[in-house]
Amino acid sequence: MSAYSLFSLIRNAMNYHQDWQSAWRSPDPKSHYDVVIVGGGGHGLATAYYLAKECGVSNVAVIEKGWLGGGNTGRNTTIVRSNYLLDESAGIYEHAMQLWESLSQELNYNVMFSQRGLLHLAHSVHDMQEIGRRGNAIYLNGIDSEFLTPAQVKEMVPFINLNCRYPVMGGLLQRRGGTARHDAVAWGYARAADELGVDIIQNCEVQGFDIENNTVKALRTSRGRITAGKVGCVVAGNSSVLADMAGFRLPLESYPLQALVSEPVKPVLDCVIMSNGIHVYVSQSDKGELVVGAGSDPYTSYSQRGSFDQIEHVVGPLLELFPIFSRLRMLRQWGGIVDVTVDRSPILSKTPVNNMYFNCGWGTGGFKCTPGSGHLFAHSIASGEMHPKAAPFSIDRFNTGALIDEGAAAAVAH
Ligand SMILES: Cc1cc2nc3c(=O)[nH]c(=O)nc-3n(C[C@H](O)[C@H](O)[C@H](O)COP(=O)(O)OP(=O)(O)OC[C@H]3O[C@@H](n4cnc5c(N)ncnc54)[C@H](O)[C@@H]3O)c2cc1C
């Protein structure tokens with residue numbers, strides 16, 4: 001596969017861009033793979049890439065029931081940050097942040113990672129205590145964080161309304177936080193994994209597993225039976241469904257999470273703003289659209305649609321903070337299915353079935369960890385032992401009680 005470069009761009013321009021090679025092959029599934037990854041979202045594709053790149057395992061397939069990135073990867077609001085409270089979280093999210101910082105070069109694919117800064121607003125004494133505790137904890141873990149006064153918030157975002165119903169009392173800023181282009185992350189990993197020999201198989205649904213002596217042997221798919229040495233399931237909102245096929249239960253609930261974008265406008269907002277207190281977050285995409293999100297739907301469901309009540313729920317707090325946006329029209333609204341754990345931390349784990357691993361429970365905030373999650377999961381699958389940074393996120397924690405409670409840091413869904 002040819003590298004993307006200025007030279008290849010010019011060469012292909014000569015032929016009106018008719019001769020570009022497909023970014024990845026579309027092979028028929030083989031009868032056997034050493035590792036099968038179920039789920040062609042960012043996390044699954046990243047896992048396959050690092051298996052082939054760093055772990056010497058290239059007889060790998062990624063099985064996707066729809067199209068690459070068509071799940072939460074292509075539906076999220078692209079916020080990247082590593083400012084969670086606890087040490088275990090700092091380990092995993094900061095690992096991802098460091099991979100983000102060189103990801104475009106690593107994949108030779110522009111994932112449009114933009115460290116434009118991410119500002120959490122505080123609107124109450126409780127919020128101030130929360131950002132105080134978290135900011136200090138993060139700082140002790142060597143992760144950047146700064147406290148801002150209301151005047152500094154105003155300086156950063158001059159058109160913000162500090163005196164909304166719950167006035168802005170301060171903020172926690174992570175300058176290295178920001179956004180990345182979600183589709184590009186899936187496509188970049190897919191292209192790079194394909195180049196290393198990984199088979200990416202779309203429109204292929206996993207419908208069951210063959211398990212003998214408590215060990216997974218094969219997957220039953222809509223395109224036939226595939227035997228596998230090991231299976232990694234990375235299917236986000238469908239994780240409980242896959243676990244059910246394998247005969248065990250996961251401590252997860254699946255909720256729709258919605259987001260909206262406005263019509264595009266000229267650059268107006270050059271950082272990401274999040275407010276847990278009045279519950280909204282907003283950034284501006286490179287196309288100029290405001291990308292706006294809030295909480296998940298209040299009931300479990302597998303719906304991937306938007307709903308009218310959420311528009312009001314999201315736009316109300318947005319306009320409290322930014323009355324300037326009141327004349328913008330909203331352009332699109334959609335939903336994804338997020339898999340939520342009680343402690344709002346992910347699951348990267350072995351399972352009761354030998355050679356079967358699950359990576360799930362990222363809930364409303366897993367995009368930011370895509371490279372880190374894939375990297376740690378690949379090493380865990382290859383070695384058969386969970387990577388030390390992934391080990392605390394085992395499903396055993398729901399038996400032992402060693403929960404990693406990130407309820408506050410994960411609060412507004414993103
Ligand atoms: C509206 C919204 C906004 C969000 N905003 C943010 C944000 O700003 N920042 C952030 O960090 N996170 C955010 N998230 C969360 C983030 O999108 C997810 O945590 C992350 O993308 C999960 O990636 P994944 O690869 O695990 O899952 P997915 O991208 O969902 O991939 C899983 C794939 O598995 C496939 N699959 C399912 N069942 C089967 C089967 N039986 N056989 C084969 N394939 C199957 C699905 O089709 C899907 O493509 C948001 C989510 C939503 C919905």
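Helices and strands here are DSSP runs, numbered from the N terminus, with at least four residues for a helix and at least two for a strand. The model you have in front of you is predicted.

**Exercise 1. Locate Asn213, describe its backbone, and decide whether it is buried or exposed.**

Step 1. Start with the place: Asn213 sits in the loop that links strand 9 (206-212) and strand 10 (215-221).

Step 2. Look at the backbone next. Asn213 is not a glycine, yet its phi is positive, at about 45 degrees.

Step 3. Now count neighbours. A residue is exposed if 12 or fewer other C-beta atoms lie within 10 Å of its own. Asn213 has 6 C-beta neighbours inside 10 Å, so it counts as exposed.

**Exercise 2. Repeat the analysis for Asn355.**

Step 1. Asn355 belongs to the loop between strand 17 (347-350) and strand 18 (356-360).

Step 2. Here too a residue that is not a glycine has a positive phi, of about 65 degrees for Asn355.

Step 3. Within 10 Å of Asn355 there are 19 other C-beta atoms, which means that Asn355 is partly exposed.

**Exercise 3. Work out the strand order of the open sheet of 8 strands, and find its edges.**

Step 1. Reading across the sheet, the order is 5-6-4-13-14-15-12-16, and the pairing is mixed.

Step 2. Strand 5 (146-148) and strand 16 (330-340) are the edge strands, as each pairs on one side only.

Step 3. Leaving direction aside, neighbouring strands of this sheet are turned by 20 degrees against each other on average.

Step 4. Add the helix that covers these strands. Helix 9 (residues 308-321) packs on the sheet, where it touches strand 12, strand 13 (272-275), strand 14 (280-284), strand 15 and strand 16. The direction of helix 9 makes about 120 degrees with that of strand 15.

**Exercise 4. Walk through the sheet from strand 5 to strand 14, giving the sense of each pairing.**

Step 1. Strand 5 and strand 6 run antiparallel and are joined by 3 bridges. Phe147 stands opposite Leu172 of strand 6.

Step 2. Strand 6 (residues 170-174) has 4 buried residues out of 5, so the rest of the structure largely encloses it.

Step 3. Strand 4 (residues 118-122) pairs with strand 6 in the antiparallel sense, over 5 bridges. Across this pair, Leu121 faces Gly171.

Step 4. With strand 13, strand 4 pairs in the parallel sense over 4 bridges. Leu121 appears again, with Ser275 as its bridge partner in strand 13.

Step 5. Strand 13 and strand 14 return to the antiparallel sense, with 3 bridges. Ile273 stands opposite Val282 in strand 14. Their hairpin has 4 residues between the strands, and in it His279 takes a positive phi near 70 degrees.

**Exercise 5. Which residues of strand 13 lie on each side, and are they buried or exposed?**

Step 1. Recall a general point: side chains in a regular strand alternate between the two faces of the sheet.

Step 2. In strand 13, Val272 and Met274 are on one side, and Ile273 and Ser275 are on the other.

Step 3. All of these residues are buried, and both faces of strand 13 are covered.

**Exercise 6. Describe how helix 3 and helix 10 pack.**

Step 1. Two packed helices are described by the angle between their axes and the distance between the axes.

Step 2. The axes of helix 3 (residues 87-100) and helix 10 (residues 370-383) come within 7 Å, crossing at roughly 110 degrees. Helix 3 is therefore roughly perpendicular to helix 10.

Step 3. Residues of helix 3 in the contact include Ile92, Leu99 and Trp100, and those of helix 10 include Pro371, His375 and Leu376.

Step 4. Sorted by class, the contact has 7 nonpolar, 5 polar and no charged residues.

**Exercise 7. Characterise the shell around the ligand.**

Step 1. The ligand is surrounded by 40 residues, of which the closest are Gly41, Gly71, Asn76, Gly336 and Gly366.

Step 2. Helix 2 (42-54), strand 12 and strand 16 are the elements that give two or more residues to this shell.

Step 3. The shell residues divide into 13 nonpolar, 22 polar and 5 charged.

Definitions and conventions: Residues are numbered from 1 along each chain as its sequence is written. This is a predicted model: local features need pLDDT of at least 70, side-chain atom pairs count only at pLDDT 80 or more; totals for chains, interfaces and linings use all residues. Two strands pair if DSSP finds at least two bridges between them. Axes are lines fitted to C-alpha atoms, for helices over the stretch in contact, and angles run from 0 to 180 degrees between N-to-C directions. Two residues are in contact if their C-beta atoms, placed from the backbone, lie within 7 Å. A residue is near a molecule or strand if its C-beta atom, placed from the backbone, lies within 6 Å of it. Ala, Val, Leu, Ile, Met, Phe, Trp, Tyr, Cys and Pro count as nonpolar, Asp, Glu, Lys and Arg as charged, and the others, Gly among them, as polar. Angles under 35 degrees count as roughly parallel, over 145 as roughly antiparallel, 65 to 115 as roughly perpendicular and the rest as oblique. A residue is buried if 20 or more other C-beta atoms lie within 10 Å of its own, exposed if 12 or fewer, and partly exposed in between; C-beta atoms are placed from the backbone.
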